[in-house]
Amino acid sequence: MAHLVDVHVGKRIRQRRWLIGMTQQKLADMVGIKFQQIQKYETGANRVSASRLWDIGEAMGVPAAFFFEGLKEDVSQAAATGAVPADMLSDKEAMELVRTYYAIPEAQRRRLFELARVLSDVA
């Protein structure tokens, strides 16, 4: 069974990759490994070494510490519930929505946000 830290780090790799619109193949090419290894990292099946995590962070424009953000909360929730918490951003559709949202010019993005807020109040 995968360790909670490995699952968390893998989830953060996947989230960042989706947010910037990078494929597993492109990331793998940038760090000099096969895309299957990226898949294993993202699922937590394989642990990511410190040097590889550094390379992945460099390729995706974030520091290695980025991959550990939110870890304490995940571990605390897992200890309380006995399971890894469901993360909204682990859903591919949600990540696509976020990426698309930030591609919209800022003025229209604010209007869209206000519309979404009004619609959620009505629901």
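**View 1. Tyr102 is exposed, with a relative accessible area of 56%.** The model is predicted. Next to Tyr102 in name and number, Tyr101 is partly exposed at 23% relative accessibility. Exposed means over 50% here, so 56% puts Tyr102 in that class. Tyr101 falls between the 20% and 50% limits, so the label is partly exposed. The charged end of Arg109 sits over the ring of Tyr101. The distance from that charged end to the ring centre is 5.7 Å.

**View 2. Two aromatic pairs occur in the structure.** One pair joins Phe66 and Phe67: ring centres 5.3 Å apart, planes at 85°, so edge-to-face. Phe66 is buried at 15% relative accessible area. Phe67 is buried too, with a value of 0%. The other pair joins Tyr101 and Tyr102: centres 5.1 Å apart, planes at 85°, so again edge-to-face. The angle cut-off for this class is over 60 degrees, so 85° qualifies in the Tyr101 and Tyr102 pair.

**View 3. The charged end of Arg12 sits over the ring of Phe66.** The charged end lies 4.0 Å from the ring centre. Arg12 is also among the contacts of Phe67, the partner of Phe66 in its aromatic pair. What surrounds Phe67 beyond its neighbours within four places in sequence? The contacts are His8, Val9, Arg12, Ile13, Leu53, Ile56, Gly57, Met60 and Val62.

**View 4. The largest nonpolar core has 17 residues.** Ile13, Leu27, Ile56 and Phe67 touch the most other members. Helices α1, α2, α3 (35-43) and α4 (50-60) each give at least two residues to this core. Which helix supplies the largest share? Helix α4 does, with four residues. Two of the members named above, Ile13 and Ile56, are in contact with Phe67. In soluble globular proteins, nonpolar side chains tend to be buried together.

**View 5. Ile20 lies in the loop between α1 (4-19) and α2 (24-31).** Is Ile20 buried, partly exposed or exposed? At 35% relative accessibility, Ile20 is partly exposed. Neighbours within four places in sequence aside, Ile20 contacts Met60 and Arg99. Ile20 and Arg99 stand 79 residues apart along the chain. Their C-alpha atoms are separated by 7.3 Å. Met60 is shared with another view: Phe67 is in contact with Met60 as well.

**View 6. Asp6 has its place in helix α1.** At 14% relative accessibility, Asp6 counts as buried. The limit for buried is under 20%, so Asp6 passes. Which residues does Asp6 touch, not counting those up to four places away in sequence? Asp6 touches Tyr41, Gly44 and Arg47.

**View 7. The protein chain has seven helices and zero strands.** From the N terminus on, the order of elements is α-α-α-α-α-α-α. The chain has 123 residues, and 31% of them count as buried. Accessible surface comes to about 8100 Å². Carbon and sulfur atoms hold 59% of that surface. Among contacts with a separation of 6 or more, 62% link residues 24 or more positions apart.

Notes:
Residues numbered from 1 in each chain as written. Predicted model: local features only at pLDDT ≥ 70, side-chain atom pairs only at ≥ 80, totals over all residues. Heavy atoms only, no water. Phe/Tyr/Trp six-rings, centres within 6.5 Å; stacked < 30°, edge-to-face > 60°. Buried < 20%, exposed > 50% of the residue type's maximum accessible area, 1.4 Å probe, protein only. Lys NZ or Arg CZ within 6 Å of the ring centre and 35° of its normal. Contact = heavy atoms within 4.5 Å. Areas by Shrake-Rupley, 256 points an atom, 1.4 Å probe, with all protein chains shown as cover. Core = buried A, V, L, I, M, F, W, Y, C linked by side-chain atoms within 4.5 Å.
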